[in-house]
Amino acid sequence: EYILGWSLPTSIVKRFGSLKGFLLFSSQVPESYQSLNLEVIDSKGINAPFVVEYIKKALPPDWENKRILILGRGNIGGLLAQNLKNSELRLMTRSPSHSNEVNYSKFSEEVSKAHIIIPTLSLSRETASYFTQEAFFNFLRSDVYLINTTRGKLIPEEDLVRFFKNNPDAFYHTDVTDPEPYPKDGELNLLKNCKITNHIAGFGDEYWQELAQHIKSKIQNWL
């Protein structure tokens, strides 16, 4: 009646005729799950502190004097903005409520001004539409520093390779790729201005204990 674990293809989930609920160990809920007649509980927020610490270590040494653009005010984006003491920081959100927050209507304009860009968005058709050549890559500074800890499919690899190959002063630091693990002969590995880690950002020493407590608190409602 209930599944605990990582997301499965919708075609498999539908085979469980008596399924009532799905508790995901990840924060990403597939869009296709919205059509399922069952309760889906994700683990948003559990990995946020660990991802924030990863991003802070990935920042360039002079980040305090640079204009930083965080895309998304979710658990990770909001916590990251609180942790970075930078007067030039901008946080992009649908509903701005502070002086350093901006609406997505100014997406390309803010991208063009940013020295450091950090997407903290979940993957969907809407969020992927932001990272097109016309709205994103055409506006990037030639020395931009891009840190990606979201999903490898969020930003098209062919556009990433083209931009960072043509702009050697820019730098791409990513913890996510498509596929994972990333092949040794992949095009991103051929770039000198690219660093890849293997999806480790959200897994600090205490992550699994935090996840276990989260699971226990949620499944009590199902028992």
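**Close-ups of a predicted model**

**View A. W6 and its nonpolar neighbours.** W6 comes out as partly exposed, since its relative accessible area is 44%, and partly exposed covers the range between the 20% and 50% cut-offs. This is a predicted model, so keep that in mind for every view here. W6 sits in the loop that links strand 1 (2-5) with helix 1 (10-13). Together with F203 and W208, W6 makes up a nonpolar surface patch, and the three share about 350 Å² of accessible area.

**View B. The open sheet.** Here we have seven strands in an open sheet, ordered 6-5-4-7-8-9-10, with parallel pairing. Strand 6 (101-102) and strand 10 (194-196) are the edge strands, each pairing on one side only.

**View C. Strand 4, covered on both faces.** In a regular strand, side chains alternate between the two faces of the sheet. Strand 4 (residues 68-71) has cover on both: I68 and I70 are buried on one side, L69 and L71 on the other.

**View D. The two partners of strand 4.** Strand 4 runs parallel to strand 7 (residues 116-119), and four bridges join them; L69 has I117 as its bridge partner there. Strand 5 (residues 90-92) is also parallel to strand 4, with three bridges between them, and in strand 5 the bridge partner of L69 is R90.

**View E. From strand 4 over to strand 5, and on to the edge.** Strand 4, helix 3 (residues 75-83) and strand 5 build a right-handed β-α-β unit. Strand 5 then connects to strand 6 through two bridges, again in parallel, and M92 has V102 of strand 6 as its bridge partner.

Notes
Residues are numbered from 1 along each chain as its sequence is written. This is a predicted model: local features need pLDDT of at least 70, side-chain atom pairs count only at pLDDT 80 or more; totals for chains, interfaces and linings use all residues. Side-chain values use heavy atoms; hydrogens and water are left out. Buried means under 20% relative accessible area, exposed over 50%, partly exposed in between (1.4 Å probe, protein chains only). Two strands pair if DSSP finds at least two bridges between them. A crossover is right-handed if, with the strands pointing away from the viewer, the path from the first strand over the helix to the second runs clockwise. Patches are made of residues with over 30% relative accessible area and no salt bridge: like charges are joined within 9 Å, nonpolar side chains (Val, Leu, Ile, Met, Phe, Trp, Tyr) within 5 Å. Accessible areas come from the Shrake-Rupley method with a 1.4 Å probe; for residues, only the protein chains shown count as cover. A salt bridge is a side-chain nitrogen of Lys or Arg within 4 Å of a carboxyl oxygen of Asp or Glu.
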